Amino acid sequence: DLEGNDGRERGEDDTNFERQSALFALAVADVLLVNIWCHDIGREHGAGKPLLKTIFQVNLKLFAPDPNRKRTVLLFVVRDKTKTPLPKLIEVMESDLVKMWEGLSKPVQYQDSQISDFFDVQ
């Protein structure tokens with residue numbers, strides 16, 4: 001369990017801490033739980049996109065996709081669900097994740113990789 005990426009105790013714009021905690025979590029965890037408010041889905045900072053991009057980049061540096069390696073589980077927990085149908089929320093989240101993955105600067109050997117090569121998104 002790590003502090004949320006927007007904890008007030010750290011103040012604003014402590015991206016160094018975010019990167020370090022993301023690296024630590026990725027190195028030791030089998031499951032990364034992403035706790036998100038329903039109304040933040042689709043937003044840039046509210047949905048934690050900068051931190052997710054950091055996690056994706058760190059994962060590319062640390063782990064090679066290998067069929068025998070267990071992929072890290074990204075488990076999204078949506079809280080305070082609104083009237084928006086769940087399939088629509090899933091569609092928006094999946095679309096955002098794919099766009100983030102495709103927008104990463106990847107090493108040559110991973111240019112054609114998919115997010116599913118590294119993560120099991122649930």
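User: In what order do the elements of the protein chain run, going from the N terminus on?

Analyst: They go α-β-α-β-α-β. That gives three helices and three strands. Keep in mind that this is a predicted model.

User: What makes β1 and β2 a pair, and which way do they run?

Analyst: Two strands pair if DSSP finds at least two bridges between them. Strand β1, residues 31-37, has seven bridges to β2, so the pair qualifies under that cut-off. The two run parallel. As an example, Val-31 has Val-73 as its bridge partner in β2.

User: And how do you know that β2 is joined to β3?

Analyst: Same test: at least two bridges are needed, and β2 has three to β3 (residues 119-121), again running parallel. Val-73 turns up here too, with Asp-120 as its bridge partner in β3.

User: What do β2, α3 and β3 make together?

Analyst: A right-handed β-α-β unit. The hand is called right because, with the strands pointing away from the viewer, the path from the first strand over the helix to the second runs clockwise.

User: Why is Val-78 called partly exposed?

Analyst: Its relative accessible area is 29%. Buried would need under 20% and exposed over 50%, so Val-78 lands in between. Val-78 is found in strand β2, and its C-alpha is 6.3 Å from that of Asn-35, although the two are 43 residues apart in sequence. Asn-35 is on the uncovered face of β1, along with Val-31, Leu-33 and Trp-37. Leu-32, Val-34 and Ile-36 make up the covered face.

User: Why is Asp-80 called exposed?

Analyst: At 55% relative accessible area, Asp-80 is past the cut-off of over 50%, so the label follows. Asp-80 is placed in the loop between β2 and α3. Oddly enough for a backbone watcher, Asp-80 has a positive phi of about 55° although it is not a glycine.

User: How much of the protein chain do buried residues make up?

Analyst: Buried residues come to 34% of the 122 in the chain. The largest nonpolar core holds 26 residues, and those touching the most other members are Ile-55, Phe-56, Phe-76, Leu-97, Trp-101 and Phe-119. Two or more residues each come from α1 (15-28), β1, α2 (49-62), β2 and α3. The largest share is from α2, with six residues.

User: Which classes make up the lining of the second largest pocket?

Analyst: The count is 10 nonpolar, one polar and one charged. Gln-122 is in the lining, and Gln falls among the residues that are neither nonpolar nor charged, so it is the polar one. Glu counts as charged, so Glu-94 is the charged one. Among the nonpolar residues are Phe-76, Leu-97, Ile-115 and Val-121.

User: Which element gives the most to that lining?

Analyst: That's α3, with seven residues. At least two residues each come from β2 (72-79) and α3 (86-102). Val-78 shows up again in this lining, and the space inside the second largest pocket is about 230 Å³.

Definitions and conventions:
Residues numbered from 1 in each chain as written. Predicted model: local features only at pLDDT ≥ 70, side-chain atom pairs only at ≥ 80, totals over all residues. Heavy atoms only, no water. 1 Å grid on protein atoms, 1.4 Å probe; cavity = no way out; pocket = protein on both sides within 12 Å on 5 of 7 lines; lining within 4 Å. Points joined across faces, edges and corners; volume = space filled by probe spheres on them. Helix = DSSP H or I, 4+ residues; strand = E, 2+ residues; numbered from the N terminus. Core = buried A, V, L, I, M, F, W, Y, C linked by side-chain atoms within 4.5 Å. Buried < 20%, exposed > 50% of the residue type's maximum accessible area, 1.4 Å probe, protein only.
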